[in-house]
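I opened this notebook to record what I looked up in one structure. The entries follow the order in which I consulted it.

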There are 2 protein chains.
Amino acid sequence: MSEQREAGEINPGGLGYLKGIAIDAVIFGFHDSQLKVLLIEYKRTGLFALPGGFIRELENINDAALRVVSERTGLDNIFLDQFYIFGDYSRYQPDEFKKIMSAGGMAPPDGHWLLQRFVSVGYYALVDFTRAKPTPAIIFDSCEWYDLTNMPPLIQDHTQIVRKALDTLRAHLDDKLIGFNLLPEEFTMGDLQQLYETVLDKKLLRPAFQRKMLSLGILERLSKKFSGGAHKAPYLYRFIK
Amino acid sequence: MSEQREAGEINPGGLGYLKGIAIDAVIFGFHDSQLKVLLIEYKRTGLFALPGGFIRELENINDAALRVVSERTGLDNIFLDQFYIFGDYSRYQPDEFKKIMSAGGMAPPDGHWLLQRFVSVGYYALVDFTRAKPTPAIIFDSCEWYDLTNMPPLIQDHTQIVRKALDTLRAHLDDKLIGFNLLPEEFTMGDLQQLYETVLDKKLLRPAFQRKMLSLGILERLSKKFSGGAHKAPYLYRFIK
DNA sequence: TTATTATTGTAACACAATGATACAATAGTT
DNA sequence: AACTATTGTATCATTGTGTTACAATAATAA
């Protein structure tokens with residue numbers, strides 16, 4: 001990241017990047033029975049946004065998205081899925097970006113490539129909260145986790161992008177079996193159920209949930225046990241694949 | 001379409017269109033127990049491709065896709081869904097497009113905007129085969145239906161785009177109840193089952209299929225009957241919504 | 001050591017959904 | 001009026017899920 005140009009960095013010339021296309025990443029984490037989203041704050045603006053970036057001229061879009069998520073979380077081998085492209089003309093709000101660039105110490109001319117209309121490719125990522133290391137870029141004041149239920153207002157249509165990402169996550173949670181990407185390597189059945197209940201925002205019946213999960217044949221019981229409170233200790237599980 | 005510039009038309013200056021982004025539409029039809037795809041053939045090239053187009057500077061991407069499908073089929077109120085954006089660098093094959101433009105009577109300079117790298121937003125449409133009127137643009141030799149199982153080779157990655165569209169259609173057929181968009185207004189339970197069997201490429205049990213469909217409460221029995229062969233006549237149904 | 005307590009793992013039953021077979025009800029044809 | 005192919009649906013078996021119940025712990029307290 002030292003020599004190489006960062007995705008979040010504003011490149012005055014736009015050299016080396018595709019114009020008119022950006023990537024926005026909804027990076028989900030799970031902690032304390034809460035779904036979290038990683039948000040960045042542009043320097044000296046108080047404006048919050050999804051981590052994003054641009055696509056290099058020789059780069060696949062999916063690789064650019066991996067790069068963006070990797071730069072913000074420090075993680076590789078991430079679950080990442082492209083879920084929608086946001087291409088309404090009404091997204092085009094150059095004033096907001098002008099403010100961001102000005103606060104960043106640039107006086108962008110009106111025809112600047114970053115002030116033209118942009119289309120955003122939306123990706124959502126599922127990461128292990130305990131392993132992610134939120135990392136701001138130079139032009140950010142911060143890069144931190146926020147409760148999904150307690151996000152600050154976001155620039156542009158980023159709030160709707162988060163909303164659509166959540167809808168997609170919910171729809172895919174069961175049939176694509178992607179939930180475990182949000183958990184650490186080892187976890188209890190209770191952890192897994194809490195994750196499902198949080199994502200789907202509804203209570204599930206414990207016996208049915210356990211039966212279903214075990215019947216899928218994707219869980220390895222580690223025969224180890226927890227040491228916790230005054231009660232029977234749960235088994236730890238690991239996803240096999 | 002006379003005054004207004006067509007989406008399929010090659011615009012030498014690229015004025016009025018977003019650069020670097022195109023739309024490709026996989027337009028599905030259903031006829032004779034076969035899934036059909038609408039393909040165009042570029043003039044004097046023998047090159048087949050998906051109907052596509054570009055996005056006007058003031059146009060929403062979804063509207064551009066509607067326009068493309070409408071121009072090729074003559075239909076409005078179409079079921080249309082954006083399913084993926086194809087953004088690999090390896091898609092960039094300027095020679096193929098150079099050939100198309102040359103055959104169209106243009107000698108494109110090397111820096112021409114249509115010879116730059118493009119990203120394609122993939123849409124799939126479900127239309128009533130009996131109502132669609134395939135309509136070529138000026139630069140096409142033809143615009144016709146092809147059996148999904150018997151398509152000519154397509155330019156670029158268009159065959160993969162069709163493949164991914166079909167995967168998406170299969171995944172959504174049941175849970176989004178979109179199949180009826182491929183049928184005419186009135187149809188028999190047998191028609192509907194044949195459609196499902198063709199799309200999913202597997203046999204279904206007649207009693208179970210009928211029970212399931214009727215239990216959904218989305219079918220209106222028209223109490224009319226067919227006059228066909230030497231057997232009991234089936235009811236006609238219509239989707240209600 | 002032995003109760004106590006909270007929680008886990010799973011058995012057991014009810015109910016719903018689906019797979020599969022059977023058969024009566026036709027719309028023609030012979 | 002008998003025959004034939006197909007439709008509509010009843011029926012039963014099987015599977016999956018919702019729900020209740022309870023034995024098996026892992027600490028803590030007596």
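The entries below concern conventions, the two protein copies, their interface, the DNA strands and one salt bridge.

**Entry 1. Conventions**

I noted that this is a predicted model, in which local features need pLDDT of at least 70 and side-chain atom pairs count only at pLDDT 80 or more, while totals for chains, interfaces and linings use all residues. Residues are numbered from 1 along each chain as its sequence is written, chains are lettered from A and ligands numbered from 1 in the order in which they are written, and side-chain values use heavy atoms, with hydrogens and water left out.

**Entry 2. Relation of the two copies**

I asked which rotation superposes chain A on chain B. The rotation is 179°, with 0.0 Å of shift along its axis and an RMSD of 0.1 Å; the superposition is by least squares on the C-alpha atoms of residues with pLDDT of at least 70 in both copies. The two copies are therefore related as by a two-fold rotation axis. I also noted that the same surface serves both copies, since 100% of the contact residues of chain A recur in chain B.

**Entry 3. The interface of chain A and chain B**

I looked up the contact (heavy atoms within 4.5 Å) and found 22 residues from chain A and 22 residues from chain B. Chain A and chain B bury about 1,700 Å² between them, 54% of it on carbon and sulfur atoms. Buried area here is the accessible area (1.4 Å probe) that two parts lose on being put together, summed over both. In chain A, the residues that lose the most area to chain B are A:Gln82, A:Ile85 and A:Arg117, together 30% of what that side buries.

I then recorded the elements that give two or more residues to the side of chain A that touches chain B: strands E1 (17-31), E4 (52-56), E5 (79-86) and E6 (119-126), and helix H1 (61-73). Helices (H or I, at least four residues) and strands (E, at least two) are DSSP runs, numbered from the N terminus. E1(A) gives the most, with four residues.

How many residue pairs are in polar contact between chain A and chain B? I found twelve, both residues being at pLDDT 80 or more. A polar contact is a pair of N or O atoms within 3.5 Å; within protein, one must be able to donate a hydrogen and the other to accept it, and residues adjacent in sequence count only if both atoms are side-chain atoms. The rule finds zero salt bridges across this interface.

**Entry 4. DNA strand C**

I found 23 residues around DNA strand C, the closest being A:Arg206, A:His231, A:Tyr235, B:His231 and B:Lys232. A residue is near a strand if one of its heavy atoms lies within 4 Å of it. Of the strand C atoms within 4 Å of the protein, 53% belong to sugar or phosphate and the rest to bases.

I noted three atom pairs. A polar side-chain atom of A:Arg221 lies 3.2 Å from a phosphate oxygen of strand C. A polar backbone atom of A:Ala230 is 3.1 Å from a base oxygen of strand C. A side-chain N or O atom of A:Lys232 is 3.3 Å from a sugar or linking oxygen of strand C.

**Entry 5. DNA strand D**

I found 23 residues around DNA strand D; A:Arg211, A:His231, A:Lys232, B:Arg206 and B:Tyr235 come nearest. Sugar and phosphate account for 51% of the strand D atoms that come within 4 Å of the protein.

A polar backbone atom of A:Lys232 is 2.8 Å from a base oxygen of strand D. A polar side-chain atom of B:Arg221 lies 3.2 Å from a phosphate oxygen of strand D. The elements that give two or more residues to the surface near strand D are H5 of chain A together with H5 of chain B.

**Entry 6. A salt bridge**

I counted salt bridges (a side-chain nitrogen of Lys or Arg within 4 Å of a carboxyl oxygen of Asp or Glu) and the structure holds 22 over all chains. One of them joins A:Arg67 and A:Glu71, with the closest N and O atoms 3.7 Å apart.
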